[in-house]
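Reader: I keep hearing about aromatic rings and pockets in proteins. Could you walk me through how to read them?

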Amino acid sequence: MAMAGLYRRALPSPPAIEFASPQGKQLFTEALGEGTMEGFFKLISYYQTQSEPAYCGLATLAVILNALAIDPGRTWKGPWRWFDDTMLDCCEPLSKIKAEGITFGKVACLAYCNGAKVEAFRTNESSIGDFRRHVISCASSEDCHVISSYHRGVFKQTGSGHFSPIGGYHARKDLILILDVARFKYPPHWLPLALLWEAMDTIDKATGHPRGFMIISRFHKAPSVLYTVSCRHEGWSKVAKYLTEDVPHRLKVNDVKDVENLLSVVFKSAPVDLKEFIRWVAEVRRQDDASVSLSEEEKARLIIKEEVLKQIQETEIFERINRWLASEISVCEGYKQTLPKIAAHVCCQGAQMLAGQLSSLDETCCKETNVTLVKADGVKPMTLVSGKIISNGVEQGIDMLVPSSKTEPRNILCDFDRSNCKGMHPSTADVLTVILLALPQHTWSGIKEENLLTQLNRCVSIENIPSLLQQEVLHLRRQLHFLMIDLHD
């Protein structure tokens with residue numbers, strides 16, 4: 001009787017050598033003796049099969065994040081915090097990844113926004129010698145791991161673009177061990193490093209750029225606590241190009257006289273999706289019991305978030321933006337969206353998170369939302385938004401921890417070209433401030449008025465801002481960099 005589907009593929013050998021074969025075992029023993037299999041044991045402890053045919057990038061990243069013992073800060077199932085490939089969708093909806101796969105830059109961005117330190121190199125930005133040195137370094141340590149993005153056809157394998165972790169290195173024969181996350185198709189196998197470089201040095205049709213490799217390690221602490229770049233909406237590439245390419249051009253061709261004029265040039269013609277590009281990182285938790293209290297860790301995180309918010313609001317550019325907003329959005333005067341209404345949307349995001357996905361859910365999943373102040377010993381009252389949501393058909397109470405602002409937030413974000421006001425928290429001025437701080441310094445080089453250029457450089461320079469805010473801004477710059485490397489020149 002004929003059976004539907006496929007059961008694995010025969011591994012083309014040569015060029016590959018199956019890891020579990022006698023020759024593969026001998027290579028492992030030799031490499032272990034040479035000290036270039038140190039990273040293997042952590043990786044193999046958390047090695048998993050991709051849960052969808054197009055999830056190779058997500059599964060590879062989940063293996064490495066777990067191997068580096070990075071806490072995802074959110075639950076996987078039950079009470080357990082754990083990385084699974086179905087949780088990694090902050091840079092792209094899972095439905096889109098399932099249909100199209102994921103690009104090199106978005107895997108890098110995804111690793112970064114989930115707490116990893118990332119060094120990404122396309123083949124046109126590196127060399128085979130540099131690649132070999134990185135492989136040897138990570139294979140000799142448990143502190144970093146290598147992700148390879150390559151084309152399977154070079155190895156006579158079926159399929160096209162693929163991501164997998166490199167599990168080890170055999171120095172005398174210059175072989176690398178591929179821990180293929182498509183284990184339903186091919187087992188782990190050894191390959192010549194030079195051939196892997198050839199497979200990486202191919203063009204990804206989705207981006208028009210070469211593939212490459214990434215070095216993934218862990219930060220000593222989370223790189224961001226309050227804001228993150230979001231590319232889940234369809235217009236993210238338009239916004240990224242506008243900020244990095246159109247804004248410098250507009251400043252060059254317009255006769256910009258002062259900071260307020262500059263703000264109008266930058267923001268009044270911005271794409272409507274700008275308001276979705278920098279997102280507030282809300283901390284959502286389950287209500288596990290009837291008590292409303294904060295743990296010491298939660299209090300500490302909220303204090304840091306509030307300090308970042310305070311440092312943003314103490315910058316000169318924030319004051320400039322605040323005054324400019326007051327004059328530009330008078331059409332929105334009197335329109336204020338309350339924090340409970342704003343929280344309703346975030347609570348829905350909480351429902352999606354608790355369900356293990358971030359697919360589109362209707363806001364009616366939030367049955368009720370209320371705001372309370374939680375007092376803690378020796379700590380000022382902290383804002384807690386509580387709500388009832390429906391997660392997989394089950395009603396669940398959740399809390400959202402909110403950093404307090406020293407200023408009264410306007411809670412207004414306008415589509416200037418449509419006079420359409422949208423509420424948000426923290427304030428619009430906060431978000432526009434971090435956008436300007438996160439833009440690279442060369443953005444302003446086209447300004448002709450020297451006094452204005454000097455004044456603006458003083459306002460947006462990160463050299464003299466507090467280290468906590470500086471780290472936040474550098475995190476956003478790095479995310480923007482990873483997103484831009486996927487876009488066509």
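Reader: How many aromatic pairs does this one have?

Author: A pair of aromatic rings is described by the distance of the centres and the angle of the planes. In this predicted model, the count comes to 11 aromatic pairs. Take phenylalanine 28 and phenylalanine 41: their ring centres are 6.4 Å apart and their planes sit at 70°, so this pair is edge-to-face. Phenylalanine 28 belongs to helix H1 and phenylalanine 41 to helix H2, so the pair links distant parts of the chain, 13 residues apart.

Reader: And what about phenylalanine 131 and phenylalanine 213, how do their rings sit?

Author: Those centres are 4.8 Å apart with planes at 50°, so that pair is tilted. Phenylalanine 131 is in helix H6 and phenylalanine 213 in strand S11, so the pair ties together parts 82 residues apart in sequence.

Reader: Is phenylalanine 28 buried or exposed?

Author: Under 20% relative accessible area means buried, so phenylalanine 28, at 17%, counts as buried. Phenylalanine 41, at 37%, is partly exposed. Beyond its close sequence neighbours, within four places, phenylalanine 28 is in contact with Phe19, Met37, Phe40, Phe41 and Trp190.

Reader: Now the empty space. What is the volume of the second largest pocket?

Author: Rolling a probe the size of a water molecule over the atoms shows where empty space is left. Here, the second largest pocket has a volume of about 820 Å³. Its lining has 36 residues, with Glu100, Gly101, Ile102, Asp204 and Ala206 nearest the centre. That lining splits into 13 nonpolar, 12 polar and 11 charged residues.

Terms used:
Residues numbered from 1 in each chain as written. Predicted model: local features only at pLDDT ≥ 70, side-chain atom pairs only at ≥ 80, totals over all residues. Heavy atoms only, no water. Buried < 20%, exposed > 50% of the residue type's maximum accessible area, 1.4 Å probe, protein only. Contact = heavy atoms within 4.5 Å. 1 Å grid on protein atoms, 1.4 Å probe; cavity = no way out; pocket = protein on both sides within 12 Å on 5 of 7 lines; lining within 4 Å. Points joined across faces, edges and corners; volume = space filled by probe spheres on them. Nonpolar A, V, L, I, M, F, W, Y, C, P; charged D, E, K, R; others polar. Phe/Tyr/Trp six-rings, centres within 6.5 Å; stacked < 30°, edge-to-face > 60°. Helix = DSSP H or I, 4+ residues; strand = E, 2+ residues; numbered from the N terminus.
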